[in-house]
Amino acid sequence: MNSLGVNPHVNHLYADLQDALVILQLYERIKVPVDWSKVNKPPYPKLGANMKKLENCNYAVELGKHPAKFSLVGIGGQDLNDGNQTLTLALVWQLMRRYTLNVLEDLGDGQKANDDIIVNWVNRTLSEAGKSTSIQSFKDKTISSSLAVVDLIDAIQPGCINYDLVKSGNLTEDDKHNNAKYAVSMARRIGARVYALPEDLVEVKPKMVMTVFACLMGRGMKRV
């Protein structure tokens, strides 16, 4: 969320979404129009502050159900306002997924770029930059080292990676986690709006791995 430039900066996932302002900004990032005249903005009045926040949350759920066409069964504005972790995360996950789908459509010029297109672009970019790493798919267990991600970042923005900070060879779990943290940090630093976590790379979670490479492809093609 923070990588998409929301304001205020989100430090606590649930508490910082209880007035829905960040969620409403995320709707705009995924091309869902927001009528800001309907939105209450801080500073909120001392009397009735929570009601103003709840109205925002109700509007956020309304946008999710209709223009965005999310699956929000059993989720109401009160749940966001209460900081209900499970239900708030259900909405946030769908926002993140829609963002990725939009990135893929941009990469495919209106049609979704499939896994093969992304994998081929990754491998071609790595090869053209003289890198020895490659990936077979988003399930490729070698991704757990994050070396392909690090090399791809360096291929997109040559010289940005400090390879003294990158471990290779026989890696321990700590080495893998440190590589992944560095990879995610550097991906964001060069402007790729990566929202996956380091553990997603270490554990090779295919859907989240795909979002990392899709966002890097978007950055490499200057689409995002």
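Reader: Why is the crossing of α1 and α2 called left-handed?

Author: A crossing is left-handed if the near helix is turned anticlockwise from the far one by less than a right angle. In this predicted model, α1 passes α2 in that left-handed sense.

Reader: What makes α1 and α2 roughly parallel, rather than oblique?

Author: The axes of α1 and α2 cross at roughly 30° and come within 9 Å. Angles under 35 degrees count as roughly parallel, and α1 and α2 are therefore put in that class.

Reader: Which residues make the contact of α1 with α2?

Author: On the α1 side they are L21, I23, L24 and Y27, which meet N56, Y59, A60, L63 and G64 in α2. By class, this contact has seven nonpolar, two polar and no charged residues. Gly counts as polar in this scheme, and G64 is one of the α2 residues in the contact.

Reader: How do you know whether α1 and α4 are roughly parallel or oblique?

Author: Again from the angle. The axes of α1 (residues 21-29) and α4 (residues 85-107) come within 10 Å and cross at roughly 20°. The cut-off for roughly parallel is under 35 degrees, so α1 and α4 are roughly parallel to each other. As for handedness, α1 passes α4 in a left-handed crossing.

Reader: What makes up the contact of α1 with α4, by residue and by class?

Author: I23, L26, Y27 and R29 in α1 meet L91, L95 and Y99 in α4. By class, the contact has six nonpolar, no polar and one charged residues. Arg is among the residues that count as charged, and R29 belongs to the α1 side.

Reader: Why are α4 and α9 called oblique?

Author: Their axes come within 10 Å and cross at roughly 45°. That value is not under 35 degrees, over 145 or from 65 to 115, so the class left is oblique. α4 and α9 are therefore oblique to each other. The crossing of α4 and α9 is left-handed.

Reader: Which residues of α4 and α9 make this contact?

Author: α4 gives W93, Y99, T100, V103, L104 and L107, while α9 (residues 206-220) gives M208, M210, T211, A214, C215, M217 and G218. The class count is ten nonpolar, three polar and no charged residues.

Reader: What makes the largest cavity a cavity and not a pocket?

Author: In a cavity a 1.4 Å probe fits but cannot get out, whereas a pocket is an open set. A search of the whole structure finds one cavity of 30 Å³ or more. The largest cavity has a volume of about 80 Å³.

Reader: How do you know which residues line the largest cavity?

Author: A lining residue has an atom within 4 Å of a point of the cavity. M1, S3, L4, L26, I30, V92, L95, M96, Y99 and Y195 line the largest cavity. The largest share of the lining, four residues, comes from α4. By class, the lining divides into nine nonpolar, one polar and no charged residues. L26 in α1 and L95 and Y99 in α4 also belong to the contact of these two helices.

Reader: Where are the peptide bonds at P8 and P43 cis or trans, and what is omega?

Author: A cis peptide bond joins N7 and P8, with omega about 10°. P8 is found in the segment before α1. Another cis peptide bond joins P42 and P43, with omega about 0°. P43 lies in the loop between α1 and α2. Most peptide bonds are trans.

Reader: What makes the phi of S146 worth listing?

Author: Most residues other than glycine have a negative phi. Phi of S146 is near 65°, a positive value in a residue other than glycine. S146 is found in the loop between α5 (115-128) and α6 (147-156).

Reader: How many helices and strands does the protein chain have, and what is the span of its C-alpha trace?

Author: The protein chain has nine helices and zero strands. Along its principal axes, the C-alpha trace spans about 60 × 40 × 30 Å.

Notes:
Residues are numbered from 1 along each chain as its sequence is written. This is a predicted model: local features need pLDDT of at least 70, side-chain atom pairs count only at pLDDT 80 or more; totals for chains, interfaces and linings use all residues. Side-chain values use heavy atoms; hydrogens and water are left out. Axes are lines fitted to C-alpha atoms, for helices over the stretch in contact, and angles run from 0 to 180 degrees between N-to-C directions. Contact means heavy atoms within 4.5 Å. On a 1 Å grid over the protein atoms alone, a cavity is a set of points where a 1.4 Å probe fits but cannot get out, and a pocket is an open set with protein on both sides within 12 Å along at least five of seven lines; lining residues have an atom within 4 Å of a point. Grid points are joined across faces, edges and corners, and a volume is the space filled by probe spheres set on the points.
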